[in-house]
Amino acid sequence: MALELLALRGLGLGDLLTAVPALRALRQAFPGHRVTIAAPASLAALMPLIGAVDDQIDVSGPGPVPFDRPDIAVNLHGRGPQSLEALRATRPGRLISYGAGPSWPEEVHEVRRWCDLLEWHGIKADPDDLTLGVSDRSGPVVIHPGAAFPARRWPPERFARVASALDRALDDVVVTGCAAEAGIARTVAGLAGLPPDRVLAGRTDLAGLVELVSRARLVVSGDTGVAHLATAFCVPSVVLFGPVPPALWGPPPGWRHVALWAGLRGDPHGRRVDPGLLQIEVSEVVEAALEVTS
C-alpha cells in the first residue's frame, strides 16, 4: 500500500502558483509517497505542469478535507485555525503546519513563507523553482483588467489607454478575464478601439488561459493570478500593485518583470479601488511595457 502525503491549498490560481516550489520540495523529499493536493477542481489543468502532484481532491477554502489517515499532512493553506483543524481531522501520522510548529511570519513573500515552513521541518525548498515552462513569445499582448476585489482593479479606462498604445506599438492586443469579468473586458476593448474578437474574457477556460499566457509576448495586469502565470512561463510582465506591496506577492526580481507600486498599503478586500493603485499613471505602464518587450 502506497504511503500518502496530503497537501491543503484550497485557494485560487495565484495562490497555487506561489506554492509550486513547496509542492516540488515535498515531491523531492518524499519520493515514495503518493502526493494528493486538496485544491479547487477548477485548477486541475495546472497539476500536470507542476510535476509534483499525483492526485487532486476538490476543496475550496480551509476544509473540511475528505481524506483519511494520510501518513503526512501539510498545511499550505494558511495560519489556521480552520485549515489546521481540517487537517487534524484527517488523523495524519505527521502534521506539517504553522501553528503546529513555527510561528506565522507576517512580513514575508508568499513563496518564501511556504518554503520556510518546510525548511523548519528539515525539508529543503528552493523559492526560485517557480517555472512551468519558457514562453516562445509568439503570441499576443495580454491585457487582464480584472481582479478578485475592487481594491485591486485599476480603472478600465486606464487599461483601455494602455491597450490602445500597445496595440499601436506592438500589435495584437487581447483582453482576458473570467466570465464574470467579460463586461470589464468589453469596456476596455471598446474604449481602446479593439475589435470584439480581441475580447477573450469568458471564452477561455483555465487550460485555454494557460496556453495563451504560455506563449504571450507580454502580460499587463493587476495583482492577480494571471500575473503569476506570466512569472511561471517567464513571460515579460507589468504588474500593477496596490494595496498589497510586491515584496509580499510580486514577481521575482529581474527577468523582464516590472512591479509598479506607489508605496501605499490598504485593504486588499476593499470595495473601492485602492488610492495607491490610482497613483499609477498610464504613461508609467506603457513605458514599462515597451521597455520589457524591447
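## Second largest pocket

The residues that line the second largest pocket divide into 13 nonpolar, six polar and three charged, and the pocket itself, in what is a predicted model, has a volume of about 280 Å³. Of the 22 residues in this lining, the closest to the centre of the pocket are H109, V111, L130, G250 and P252.

Two or more residues of the lining of the second largest pocket come from each of the elements α1, α5, α9, β9 (237-241) and α10. The largest share of that lining, four residues, is supplied by α9.

## Largest pocket

The largest pocket has a volume of about 1,400 Å³. It is lined by 50 residues, and those closest to its centre are L11, G12, D15, R152 and W249. The elements that contribute two or more residues to this lining are α1, α4, α5 (110-120), α8 (206-214), α9 (225-232) and α10 (246-249).

Sorted by class, the lining of the largest pocket contains 21 nonpolar, 17 polar and twelve charged residues. Among the elements named for the largest pocket are α1, α5, α9 and α10, and these four elements also give two or more residues to the lining of the second largest pocket.

## Strands β1, β4 and β5

Strand β4 (residues 72-75) is covered on both of its faces, with I72 and V74 buried on one side and A73 and N75 buried on the other. This strand pairs with β1 in the parallel sense over four bridges, and within that pairing L6 stands opposite A73 of β4.

Strand β4 also pairs in the parallel sense with strand β5 (residues 94-96), here over three bridges, and the bridge partner of I72 in β5 is R94. Between these two strands the chain passes from β4 through helix α4 (residues 82-88) to β5, in a β-α-β crossover that is right-handed. Helix α4, the helix of this crossover, is also one of the elements that give two or more residues to the lining of the largest pocket.

## Arg9 and its side-chain contacts

R9 is placed in the loop that runs between β1 (3-8) and α1 (13-18). Is R9 buried or exposed? R9 has a relative accessible area of 1%, and because a residue under 20% counts as buried, R9 is buried.

The side chain of R9 takes part in polar contacts with two partners, of which one is T18, at 3.0 Å, and the other is E110, at 3.1 Å. T18 falls within the range given for α1 (13-18), and E110 falls within the range given for α5 (110-120), so that, through these contacts, the loop residue R9 is joined to a side chain in α1 and to a side chain in α5.

## Two further loop residues

Y98 is found in the loop between β5 and α5, and with a relative accessibility of 3% this residue counts as buried, because the value is under 20%. Although Y98 and L117 are 19 residues apart along the chain, their C-alpha atoms are separated by 7.1 Å.

R198 lies in the loop between α7 (182-192) and α8. The relative accessibility of R198 is 17%, which is under the 20% limit, and R198 therefore counts as buried. Between the C-alpha atoms of R198 and P156, which are 42 residues apart along the chain, the separation is 16 Å.

Key. Residues are numbered from 1 along each chain as its sequence is written. This is a predicted model: local features need pLDDT of at least 70, side-chain atom pairs count only at pLDDT 80 or more; totals for chains, interfaces and linings use all residues. Side-chain values use heavy atoms; hydrogens and water are left out. Buried means under 20% relative accessible area, exposed over 50%, partly exposed in between (1.4 Å probe, protein chains only). A polar contact is a pair of N or O atoms within 3.5 Å; within protein, one must be able to donate a hydrogen and the other to accept it, and residues adjacent in sequence count only if both atoms are side-chain atoms. Two strands pair if DSSP finds at least two bridges between them. A crossover is right-handed if, with the strands pointing away from the viewer, the path from the first strand over the helix to the second runs clockwise. On a 1 Å grid over the protein atoms alone, a cavity is a set of points where a 1.4 Å probe fits but cannot get out, and a pocket is an open set with protein on both sides within 12 Å along at least five of seven lines; lining residues have an atom within 4 Å of a point. Grid points are joined across faces, edges and corners, and a volume is the space filled by probe spheres set on the points. Ala, Val, Leu, Ile, Met, Phe, Trp, Tyr, Cys and Pro count as nonpolar, Asp, Glu, Lys and Arg as charged, and the others, Gly among them, as polar.
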